[in-house]
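This report goes through one protein chain and the ligands placed with it. Please keep the sequence and the model at hand while reading.

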Amino acid sequence: MAFIVCEPCIKCKYTDCVSVCPVACFKEGANMLIIDPDECIDCGVCVDECPVTAIFPEEEVPEKWHDFIALNAKYSSDWPTIEAAKDPMDTAEDFKSVENKRDQFIAAPAE
Ligand code: SF4
Ligand code: F3S
């Protein structure tokens, strides 16, 4: 089991989650973060930190976002680790409440 970052993170990257993770298992893509399932210790403290409710335990990921379980695993080895919180993306305010923004996902790692 691991915790999973889902669609609401796209184009937001608030990074509040990063500042509380005890094992630095968040990875940074161009416009969302994911959790490395091999490193996550399932402590759950990141869940309530996310202002857009993007993080769920694997068994509680909403059906509509089940593909994010594989997405988190897929990019964990390619994307760099992010160990400190930083400012949200410039697009965060406009996209924090947008639904169905999956087509905006960028598979590239953060620069
Ligand atoms: Fe980090 Fe704990 Fe969240 Fe896993 S559940 S990503 S270990 S804060
Ligand atoms: Fe994303 Fe929420 Fe963390 S928006 S970067 S999962 S605080």
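The sections below cover the overall fold, the ligand surroundings, the largest pocket and a few single residues.

## Overall fold

The model is predicted. Its protein chain contains three helices and four strands, arranged along the sequence as β-α-β-β-β-α-α. The radius of gyration is 12 Å, close to the 13 Å given by the globule rule for 111 residues, so the chain is as compact as a globular protein of that length. Along the principal axes, the C-alpha atoms fill a box of roughly 30 × 30 × 25 Å.

Buried residues account for 45% of the 111 residues. Among contacts between residues at least 6 apart in sequence, 79% join residues at least 24 apart.

## Surroundings of the ligands

Around ligand 1 there are 13 residues, and those that come nearest are Cys21, Cys40, Cys43, Gly44 and Cys46. By class, this shell has twelve nonpolar residues and one polar residue, with no charged residues. Cysteine counts as nonpolar in this scheme and glycine as polar, so the cysteines named here belong to the nonpolar group and Gly44 is a polar residue.

Ligand 2 also has 13 residues around it, of which Cys9, Thr15, Cys17, Leu33 and Cys50 come nearest. The class count for ligand 2 is ten nonpolar, one polar and two charged.

## The largest pocket

How much space lies in the largest pocket? The volume is about 170 Å³. Its lining includes Glu7, Pro8 and Val52, together with Lys64 and Trp65. The rest of the lining is formed by Lys96, Ser97, Val98, Glu99, Asn100, Lys101 and Arg102.

By class, the lining divides into four nonpolar, two polar and six charged residues. Among the charged ones are Glu7, Lys64 and Arg102.

## Residues with a positive phi

Most residues other than glycine have a negative phi. Lys11 has a positive phi of about 65 degrees although it is not a glycine. Lys11 sits in the loop between β1 (3-5) and α1 (16-20). Is Lys11 buried or exposed? Lys11 counts as buried because its relative accessibility is 18%, and the cut-off for buried is under 20%.

Ala24 also departs from the usual sign, with a positive phi of about 50 degrees although it is not a glycine. Ala24 is located in the loop between α1 and β2 (26-28). At 28% relative accessibility, Ala24 counts as partly exposed.

## Helix α2 and the loop after it

Ala73 is part of helix α2. With a relative accessible area of 41%, Ala73 is partly exposed. Asp38 lies 35 residues away from Ala73 along the chain, and the C-alpha atoms of Ala73 and Asp38 are separated by 8.4 Å.

Ser76 is found in the loop between α2 (67-75) and α3 (92-95). Which residues does Ser76 touch, not counting residues up to four places away in sequence? They are Lys27, Ile34, Ile35, Asp36 and Pro37. Ser76 has a relative accessible area of 4%, so it is buried.

Terms used: Residues are numbered from 1 along each chain as its sequence is written. Chains are lettered from A and ligands numbered from 1 in the order in which they are written. This is a predicted model: local features need pLDDT of at least 70, side-chain atom pairs count only at pLDDT 80 or more; totals for chains, interfaces and linings use all residues. Side-chain values use heavy atoms; hydrogens and water are left out. A residue is near a molecule or strand if one of its heavy atoms lies within 4 Å of it. On a 1 Å grid over the protein atoms alone, a cavity is a set of points where a 1.4 Å probe fits but cannot get out, and a pocket is an open set with protein on both sides within 12 Å along at least five of seven lines; lining residues have an atom within 4 Å of a point. Grid points are joined across faces, edges and corners, and a volume is the space filled by probe spheres set on the points. Helices (H or I, at least four residues) and strands (E, at least two) are DSSP runs, numbered from the N terminus. The radius of gyration is taken over C-alpha atoms; the globule rule is 2.2 Å times the number of residues to the power 0.38. Buried means under 20% relative accessible area, exposed over 50%, partly exposed in between (1.4 Å probe, protein chains only). Contact means heavy atoms within 4.5 Å.
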